[in-house]
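Biologist: Mind if I quiz you on the labels you put on things? I'd like to hear the reasoning behind each one.

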Amino acid sequence: MKKLVVLIISCISFLGFSQDNKERMLAEKKANNYVYEANELVSEDFVAAEMEYRKALSKQSDNIAGMYNLGNSYYEKGNFEEALYRHQQTAKLATSKAAKHKAFHNMGNVLMKNKKCKEAVEAYKSALRNDPSDDETRYNLGLAKECAKQQEDENKDDENKEDKDNSDDKKDEEKENKDDKNKENQDKKDGEDKEDEKKDGEDKEDENKNPEDKKDDKNKGDKEKEEQKKPQPKPGQLSPQQIKSLLEAMNNQEKKVQEKMNAEKKKGVKVKTEKDW
């Protein structure tokens with residue numbers, strides 16, 4: 001990591017400055033004092049050092065030294081997310097090329113730790129634009145490029161593998177659909193074959209019957225059809241045949257009664273005989 005040395009402003013004469021400038025310079029002096037104290041504490045008590053850095057930024061929000069050194073302390077503790085944020089702030093607010101170079105260089109280091117090699121390449125390039133003579137940054141840029149190329153190749157391999165898996169899945173699905181269709185067609189054909197066999201068996205059975213059996217079957221069928229055509233009696237009613245039989249029985253009964261009455265009348269008639277004089 002690139003280290004930034006904090007210079008403490010010594011005695012400053014406020015003569016000839018406006019009130020706003022005096023307040024700003026006073027705030028900057030206090031902020032730099034906090035940064036100095038934090039730098040003394042950071043190797044032994046990170047929590048206390050972090051607090052002093054934050055005090056410096058509360059006094060002067062654009063204090064580059066406090067922002068940059070706080071980012072470095074986060075990096076040392078493995079808090080890469082906060083470290084990246086602080087160095088991004090430094091690169092944005094810094095006015096000198098030296099400060100920008102250090103901020104971009106350390107941003108590249110953080111991104112490499114997070115395996116974001118492609119982004120790290122761009123950070124190192126930005127650092128070299130501000131200081132082309134830094135060999136350390138150039139070396140790190142070479143490592144980042146190699147890492148980015150390796151990741152790109154791995155991504156291509158993953159994409160090719162995914163495409164192959166998708167293609168294999170598609171082939172398997174097409175094969176399953178084809179098998180299902182073939183099975184469906186075979187089942188349909190088997191069904192049709194069974195129907196044909198059944199029909200052939202019935203036809204063969206009809207052929208084996210003699211003419212008389214065929215005639216009887218035909219007469220039986222015609223008789224069944226005639227019986228079906230006749231009006232069927234409703235529940236609780238007599239059929240026409242039953243009514244006819246009942247009427248015939250009543251007529252016969254009435255005839256018998258009439259014959260009996262006629263016979264009795266004949267018996268009761270006195271026969272007039274002539275006297276035998």
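Modeller: Sure, and let's begin with a cut-off: buried means under 20% relative accessible area, exposed means over 50%, and partly exposed is in between. Keep in mind that this is a predicted model.

Biologist: Then what makes E52 buried?

Modeller: Its relative accessible area is 9%, which falls under 20%, so E52 counts as buried.

Biologist: And why is K55 called partly exposed?

Modeller: K55 has 32%, between 20% and 50%, so partly exposed is the label.

Biologist: How do you know that E52 and K55 form a salt bridge?

Modeller: The N to O distance between their side chains is 3.4 Å, and the rule asks for a Lys or Arg nitrogen within 4 Å of a carboxyl oxygen of Asp or Glu, so the pair qualifies. Both residues sit in helix α2, three residues apart, about one turn of the helix. By that rule the count is five salt bridges.

Biologist: What does the salt bridge between R24 and D62 tie together?

Modeller: R24 is in helix α1 and D62 is in the loop between α2 and α3, so the pair links parts 38 residues apart in sequence. Their N to O distance is 3.6 Å.

Biologist: Why is α4 called roughly antiparallel to α5?

Modeller: The axes of α4 and α5 cross at roughly 155° and come within 9 Å. Angles over 145 degrees count as roughly antiparallel, so that label fits α4 and α5. The crossing is left-handed.

Biologist: Which kinds of residue make up the contact of α4 with α5?

Modeller: Nine nonpolar, four polar and three charged.

Note on methods:
Residues are numbered from 1 along each chain as its sequence is written. This is a predicted model: local features need pLDDT of at least 70, side-chain atom pairs count only at pLDDT 80 or more; totals for chains, interfaces and linings use all residues. Side-chain values use heavy atoms; hydrogens and water are left out. Axes are lines fitted to C-alpha atoms, for helices over the stretch in contact, and angles run from 0 to 180 degrees between N-to-C directions. Helices (H or I, at least four residues) and strands (E, at least two) are DSSP runs, numbered from the N terminus. Angles under 35 degrees count as roughly parallel, over 145 as roughly antiparallel, 65 to 115 as roughly perpendicular and the rest as oblique. A crossing is left-handed if the near helix is turned anticlockwise from the far one by less than a right angle, and right-handed if clockwise. Ala, Val, Leu, Ile, Met, Phe, Trp, Tyr, Cys and Pro count as nonpolar, Asp, Glu, Lys and Arg as charged, and the others, Gly among them, as polar. Buried means under 20% relative accessible area, exposed over 50%, partly exposed in between (1.4 Å probe, protein chains only).
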